[in-house]
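Trainee: I'm new to this one. Could you walk me through it?
Mentor: Sure, let's take a look together.

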Amino acid sequence: MALLEVNDIHTYYGNIHALKGISVTVEEGEIVSLIGGNGAGKTTTLRTISGLLQPRSGNVLFAGEDLSKYRAHHLVAKGIAMVPEGRGVFARLSVSENLGMGAYHRNDKDGIAEDLERVYKLFPRLEERQNQVAGTLSGGEQQMLAMGRAMMSRPSLLLMDEPSMGLAPVLVEAIFDTIEEINKEGTTILLVEQNAHMALQVAHRGYVLQTGEIILSNSAQELQKDPTVQKAYLGIE
Amino acid sequence: MAQRFKDIDYIGLFLWLFRAAIIVIVVWGTVAKLFLGQGNAYTTKDWINFLVAGLSQGSIFALIALGYTLVYGVLFMINFAHGEFFMAGTMTATIFVALPLSASGFLDKHPVIGMLAILVVAMVVSVSVALLTERVAYRPLRRAPRLVPLITAIGASFFWQYFFAGLFGSGLIPFPELAVLRGAWMIGGVEFLKTRAVVMIASVIMLIGLYIFIMRTKTGTAIRAVAEDKDIAALMGIDVDRTISITFATGAAMAGVAGILYGLVFRQVNFIMGFVPGIKAFTAAVLGGIGSIPGAAIGGFFLGVFEAIGPPLFLEGLGIPGSHQLKDVIAFTMLVLVLIFRPQGIIGERLAEKKA
């Protein structure tokens with residue numbers, strides 16, 4: 001059984017038909033990338049999985065359980081965490097308060113302390129700035145904070161929306177290294193990216209979205225060789 | 001030349017003249033009072049008394065102002081029914097607890113236990129009324145345009161006023177006097193009326209408690225997270241609806257305490273008692289910077305002191321006969337001035353920079 005199974009979801013913004021039957025499966029332990037241009041429906045797919053949007057038809061199964069009966073705030077306890085688009089850190093909360101919010105649903109003090117140590121080991125920069133207000137961090141540090149905050153819920157599935165957005169190339173490399181590291185420690189990852197090059201490099205499998213539909217799906221290696229993908233998303237003629 | 005004449009910004013010019021006129025009036029009144037000996041002669045002791053009275057009144061404003069600021073912080077909505085949360089708890093606790101306890105003599109024998117009982121009942125009723133109002137009148141409209149909940153809030157305000165007028169009658173109901181709070185303490189040759197001192201101490205304790213709750217506890221941090229971004233807060237597993245209810249409840253509990261303190265000072269309550277303090281506290285919240293918790297506290301004290309010292313200081317010197325009647329004029333003139341010249345309040349952020 002797949003960890004996440006998205007079955008033919010149709011999501012609307014008012015009358016705008018944003019997702020026209022998206023089906024995605026993510027197996028345990030995988031990194032799966034959704035790539036595509038602006039307005040392809042990548043973020044909408046993630047927001048539907050995370051419960052912020054409700055699909056008009058179709059369903060999302062997580063570990064075999066239909067998620068439609070839950071609201072967004074129930075999903076963290078189920079094991080789904082999200083690194084939102086544009087990082088979405090709480091700008092007026094301190095770094096450590098932001099991380100604390102990631103573990104909001106948990107009451108196991110020892111476990112939380114353990115995970116906090118793990119996050120600080122992964123991102124030493126965050127430990128240095130733990131009392132600083134998150135709004136004063138640089139873009140890269142905010143991305144680390146958003147990732148660390150998601151890790152604080154000890155998720156089995158991590159949804160990541162455009163982690164490379166607006167970051168310098170060096171930082172993008174570092175962020176993707178960390179994504180691989182988190183995955184190796186046992187967290188399954190569903191990644192949405194415009195940076196198809198990086199996304200396909202770390203992923204096991206990928207899906208290509210265009211105007212609300214999946215036009216291609218294959219292993220990441222095959223997608224990197226695909227002429228359509230090369231032309232449209234990798235900039236190779 | 002003609003071109004240049006057109007460039008004069010008439011609104012800007014008017015605002016500058018307005019500002020200058022206010023300063024002239026204040027300075028002239030103050031000079032006339034202090035150096036030309038217009039009006040009553042006050043000693044230093046009198047001035048200290050005005051200050052203490054102002055701080056004590058201001059502490060009540062501060063407690064009510066917190067309710068406005070907390071709700072504004074999470075919903076960007078001015079909850080105009082907040083004054084009624086203040087009234088509901090106070091009236092109920094006065095009629096069902098304070099008066100019976102006073103009549104049986106219990107309140108004078110065990111003033112601390114008695115007062116605690118009154119406070120608890122006032123808080124419980126205020127919180128219940130707030131939760132009910134939020135659930136029935138505000139939550140269904142959360143995604144409506146911002147004007148809609150504002151109108152509902154005004155409707156809810158009238159609803160509760162006349163609901164309580166119907167329940168308990170529209171006359172003034174006396175709030176019992178506590179024997180232990182009669183008289184004054186003398187500290188360094190200055191008289192402190194016991195009631196005022198107790199009101200001020202109680203308010204400051206509540207303010208500090210609230211600040212710790214918001215800044216140091218997990219629930220308080222969740223309230224701040226929801227205030228910043230409801231979607232992201234939900235992704236963290238925070239139940240946004242529940243957190244908003246807690247925010248309303250916290251503000252209403254403060255209002256319940258403020259109402260009893262108000263009763264101790266003014267010794268009478270009625271169904272309309274929430275209106276003026278509510279508007280004044282809203283002024284205080286805007287004055288301090290709406291959405292900011294320290295701002296609400298500072299705004300409250302500032303307004304209280306200004307109201308107490310303003311009339312004798314600026315107005316008596318101008319030869320205005322009933323200058324104390326004009327303290328409300330001072331309060332609302334300040335509101336207008338703040339909105340014109342410093343819309344973000346004393347320590348608040350600019351409203352325009354906050355996302356609505």
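Trainee: How many helices and strands does chain B have?
Mentor: Keep in mind that this is a predicted model. The secondary structure of chain B includes four strands. Alongside those strands, the helices of chain B come to 14.

Trainee: Why is chain B said to be as compact as a globular protein of that length?
Mentor: Its C-alpha trace spans about 70 × 55 × 40 Å along the principal axes. For 356 residues the globule rule gives 21 Å, and chain B comes close to that, so it is as compact as a globular protein of that length, with a radius of gyration of 22 Å.

Trainee: Do α13(B) and α14(B) count as oblique or as roughly parallel, then?
Mentor: Helix α13 (residues 293-315) and helix α14 (residues 327-341), both of chain B, pack with their axes 9 Å apart and at an angle of about 130°. Angles over 145 degrees would be roughly antiparallel, and 65 to 115 roughly perpendicular. The angle here therefore makes α13(B) to α14(B) oblique.

Trainee: Which residues of α14(B) meet α13(B)?
Mentor: From α13(B) come Leu303(B), Phe306(B), Glu307(B), Gly310(B) and Pro311(B). By class, this contact has six nonpolar, one polar and two charged residues. On the α14(B) side you'll find Lys327(B), Ile330(B), Ala331(B) and Met334(B).

Trainee: Which helix gives the most to the side of chain B that touches chain A?
Mentor: Here 15 residues of chain B are in contact with 20 residues of chain A. α9 (218-228) and α10 (230-235) of chain B each supply at least two residues of that side. The one that gives the most, with five residues, is α9(B).

Note on methods. Residues numbered from 1 in each chain as written. Chains lettered and ligands numbered in written order. Predicted model: local features only at pLDDT ≥ 70, side-chain atom pairs only at ≥ 80, totals over all residues. Contact = placed C-beta atoms within 7 Å. Axes fitted to C-alpha atoms, helices over the stretch in contact; angles between N-to-C directions. Parallel < 35°, antiparallel > 145°, perpendicular 65-115°, else oblique. Nonpolar A, V, L, I, M, F, W, Y, C, P; charged D, E, K, R; others polar. Rg over C-alpha atoms; globule rule 2.2 N^0.38 Å.
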